[in-house]
Amino acid sequence: MTNEPSTSHQSANEDDVDINDVFDNLLLAEEHLAEAGYQRGLAQGVREGNVDAYHFGYHRGAEVGAELGFYYGVICGQESASKEGGSSKGKSLLKELKREIEEFPKFNDLEADIVEGLVKLRAKYKKLCALLKISAKYARPNELSF
């Protein structure tokens, strides 16, 4: 028997740890920790952000619905009042605006630009009020004053 150390045991240890990997791990430790923190924060933000976004969208949708409901009520009232007379331009604008409100997206449609549609409806409603000489301005809940 010889007193030489086992070469198979030495080569296994050398394969397990590469000195370059050790230095890379030391030098890049901050970047690895930052990436791990980012991934944890992103996962937590997705979990919590979805709930917040849902509630925000729900409340904004309720506000838009209340505004469109107000416009629709005024339009229906003006339609019944204008049966006796009124301009044909006013009647056609009433019908057009009523149709557009009825066709307004009721669910989240990625194809529809809801903000642009709402801006156009507001402009047409203002035009209708000016044409019919009525003052029926929608007061948003956060703009109410007593």
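Trainee: By class, how many nonpolar, polar and charged residues are in the lining of the largest pocket?
Mentor: Heads-up, this is a predicted model: local features need pLDDT of at least 70, side-chain atom pairs count only at pLDDT 80 or more, and totals for chains, interfaces and linings use all residues. Residues are numbered from 1 along each chain as its sequence is written, and side-chain values use heavy atoms, with hydrogens and water left out. Ala, Val, Leu, Ile, Met, Phe, Trp, Tyr, Cys and Pro count as nonpolar, Asp, Glu, Lys and Arg as charged, and the others, Gly among them, as polar. On that scheme, the lining has 9 nonpolar, 5 polar and 2 charged residues.

Trainee: Which residues lie nearest the centre of the largest pocket?
Mentor: A pocket here is an open set of points on a 1 Å grid over the protein atoms alone, where a 1.4 Å probe fits, with protein on both sides within 12 Å along at least five of seven lines; lining residues have an atom within 4 Å of a point. The lining holds 16 residues. Those nearest the centre are Gly61, Val64, Pro105, Lys106 and Ile114.

Trainee: Which helix gives the most to that lining, the one of the largest pocket?
Mentor: Helices (H or I, at least four residues) and strands (E, at least two) are DSSP runs, numbered from the N terminus. The chain has 5 helices and 0 strands. With 9 residues, the top contributor is helix α3 (residues 29-81).

Trainee: And what volume does the largest pocket have?
Mentor: Grid points get joined across faces, edges and corners, and a volume is the space filled by probe spheres set on the points. The second largest pocket comes out at about 170 Å³. For the largest pocket, the figure is about 470 Å³.

Trainee: Which helix gives the most to the lining of the second largest pocket?
Mentor: That lining includes Tyr71, Arg122, Tyr125 and Arg140. By class, it divides into 5 nonpolar, no polar and 4 charged residues. The biggest contribution, 4 residues, comes from helix α5 (residues 114-132).

Trainee: Which element gives the largest share of the largest nonpolar core?
Mentor: A nonpolar core is a set of buried Ala, Val, Leu, Ile, Met, Phe, Trp, Tyr and Cys residues joined through side-chain atoms within 4.5 Å. This one has 16 residues, and Leu68, Leu97, Ile101 and Tyr125 touch the most other members. Two or more residues each come from α3, α4 (88-103) and α5. The largest share, 5 residues, belongs to α5.

Trainee: Is Leu121 buried or exposed?
Mentor: Buried means under 20% relative accessible area, exposed over 50%, and partly exposed in between (1.4 Å probe, protein chains only). Leu121 sits in helix α5, and its contacts (heavy atoms within 4.5 Å), leaving aside neighbours within four places in sequence, are Leu68, Leu97, Glu100, Ile101 and Phe104. Its C-alpha atom is 7.2 Å from that of Leu97, 24 residues apart along the chain. Because its relative accessibility is 3%, Leu121 counts as buried.

Trainee: What about Glu67, buried or exposed?
Mentor: Glu67 is part of helix α3. Not counting residues up to four places away in sequence, it touches Leu118, Arg122, Tyr138 and Arg140. The C-alpha atoms of Glu67 and Arg122 are 9.4 Å apart, with their positions 55 residues apart along the chain. Since the relative accessible area of Glu67 is 2%, the verdict is buried.

Trainee: Which residue other than glycine has a positive phi, near 55°?
Mentor: Look in the segment after α5. At 76% relative accessibility, the residue there counts as exposed. The residue is Lys133.

Trainee: What percentage of the residues in the chain is buried?
Mentor: The chain has 146 residues. Of its contacts with a separation of 6 or more, 66% join residues 24 or more positions apart. The buried portion is 14%.
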